[in-house]
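Me: I should be grateful for a close look at one part of this protein, namely one of its strand pairings. Please then set that part in the context of the remainder of the chain.

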Amino acid sequence: METKLTRIAEMAKADPKVRFTSIGHFIDAKALMESHEEMEPGKATGVDGVTKEKYEVNLEANVENLVGRLKQKSYRPQPARRTYIPKDEKSMRPLGIPAYEDKLVQHALKNVLEAIYEQDFMDFSYGFRPKRSMHDALKKLTKIIQNGKISYVVDADIKGFFNHVDHEWLMKFLEMRIADPNILRLVRRMLKAGIQEEGEFEPTEEGTPQGSVVSPILANVYLHYVLDIWFAVTVKKQCRGQAEIVRFADDFVCCFQYKEDAERFYAALLLRLDKFKLNVAEEKTKIIEFGRFAEENRRKREKGKPKTFDFLGFTHFCSKSQKGTFRVKRQTSGKKFKQKVKAMKIWIRFNRHMEQQEFLKTIRAKLTGHYRYYGITDNYEKMDSYYNHTINLMYKWMNRRSQRNSFTWERFREVLKVFRLPKPRI
């Protein structure tokens, strides 16, 4: 399968205008078996209630049956089961959990689409792409601002992007590279599969369900044509000075040398997104003076320090290095910090009765995961604060496991010495 996908990638790279007429047969038994092997056990189930373990009891027969339906064009994805996860302190993010065999088909389809579109996607696009992490996007943005002539930043946010992707526009974009009716039919059926919540079916007339394995690449295809190509081909050429963009999924930051370029881009962006049935979250979108000359310029006008902006969970602000040269520094954004502390508090509160060793093992894993993402230069103070919040929350809630205090601070510190929790480090 890997060899076949490599061949597709080579063809797509060699001819950016080639349309693939026969690629549906790549979603075969072998591809679905490989997708099954890559599925993680213990994941949430869809409306069918089937787990990986249950499906593999009769794996070969199940896959053979699925392939037969795909070939006969009778395969229809089941509605995704709707569930919710916290988005912020005030709202929840809806997720659509597909049925297990739908996960397999989506995974195999994602591999085929990825082989084609990874040859097309722009270098400044980072979201949900192989070997292109959030940290890579942050490094790219820092390099642009520190080394370029950037003085203005447009911090933009698309309002409810995944819920408002227009199906007809998405299909038109896919048809620019794919002419295989089997693949196009499969994508359309996935988009129209609907959502099931508490036994009630809800049709999906727009959007791509978050939680679907194929949703991220479909979203990237949409924004590739709506935003990326437009910025690279049209916007940059019309700007008087330097203009750059860094995009991670639907979150993007645009950098400009001149204010008039930034303002012209923002006005054009509203019209561009509206054409493709999208809108900017105006309360989250702003033009700010930012960059190596911003602090000096604002000081001359007696306007204080440059404003900050948030991107991928970090607040970016203008500062100086130890040698006195301009640097972009970052720290965990206030919003994200509050969310992370609240999530830790809820977990500790509802799991404090776990066996002590298992409880501390999980806390250790949660801290390590936090450090791996937020452990960047200039962010030690915020990470140390998160660590101390965690220690205080543990002490508070573990002492509420019974009517009398389970721990004194002395006893609690002894436990922490035995089961040493990881300390923050860059």
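Reply: In this predicted model, strand β10, which covers residues 314–320, pairs with β11 in the antiparallel sense, and seven bridges connect the two. One position at which the register can be read is T315, which stands opposite Q331 in β11. The two strands form a hairpin with five residues between them, and within this hairpin G324 adopts a positive phi near 90 degrees.

Strand β11 itself runs through residues 326–332 and is mostly covered, since five of its seven residues count as buried. In a regular strand, side chains alternate between the two faces of the sheet. For the protein as a whole, 48% of the 426 residues are buried.

A second set of strands may be described beside this hairpin. Four strands make up an open sheet with mixed pairing, and their order is β2-β1-β4-β5. Its edges are formed by β2 (92–97) and β5 (200–202), each of which pairs on one side only. From one strand to the next, the twist averages 40 degrees. Within this sheet, β4 (residues 195–197) and β5 run antiparallel and are joined by three bridges. The register here is given by Q196, whose bridge partner in β5 is F201.

Among the helices, α5 spans residues 100–117 and contains K110. This lysine counts as buried because its relative accessibility is 17%, and the cut-off for burial is under 20%. Leaving aside residues up to four places away in sequence, K110 touches V213, V214 and I217.

These elements belong to a protein with 16 helices and eleven strands. The C-alpha trace spans about 65 × 65 × 40 Å along its principal axes. Of the contacts between residues at least 6 apart in sequence, 68% join residues that are at least 24 apart. The accessible surface amounts to about 22600 Å², and carbon and sulfur atoms account for 48% of that area. As to charge, the protein carries 81 positive and 56 negative charges, and the mean positions of the two sets lie 6 Å apart.

To return to the part requested, the hairpin combines seven antiparallel bridges between β10 and β11 with a connection of five residues that includes G324 at its positive phi.

How values were computed
Residues are numbered from 1 along each chain as its sequence is written. This is a predicted model: local features need pLDDT of at least 70, side-chain atom pairs count only at pLDDT 80 or more; totals for chains, interfaces and linings use all residues. Side-chain values use heavy atoms; hydrogens and water are left out. Buried means under 20% relative accessible area, exposed over 50%, partly exposed in between (1.4 Å probe, protein chains only). Contact means heavy atoms within 4.5 Å. Accessible areas come from the Shrake-Rupley method with a 1.4 Å probe; for residues, only the protein chains shown count as cover. Lys and Arg count as positive and Asp and Glu as negative; His and the chain ends are not counted. The place of a charge is taken as NZ of Lys, CZ of Arg, CG of Asp or CD of Glu. Two strands pair if DSSP finds at least two bridges between them. Axes are lines fitted to C-alpha atoms, for helices over the stretch in contact, and angles run from 0 to 180 degrees between N-to-C directions.
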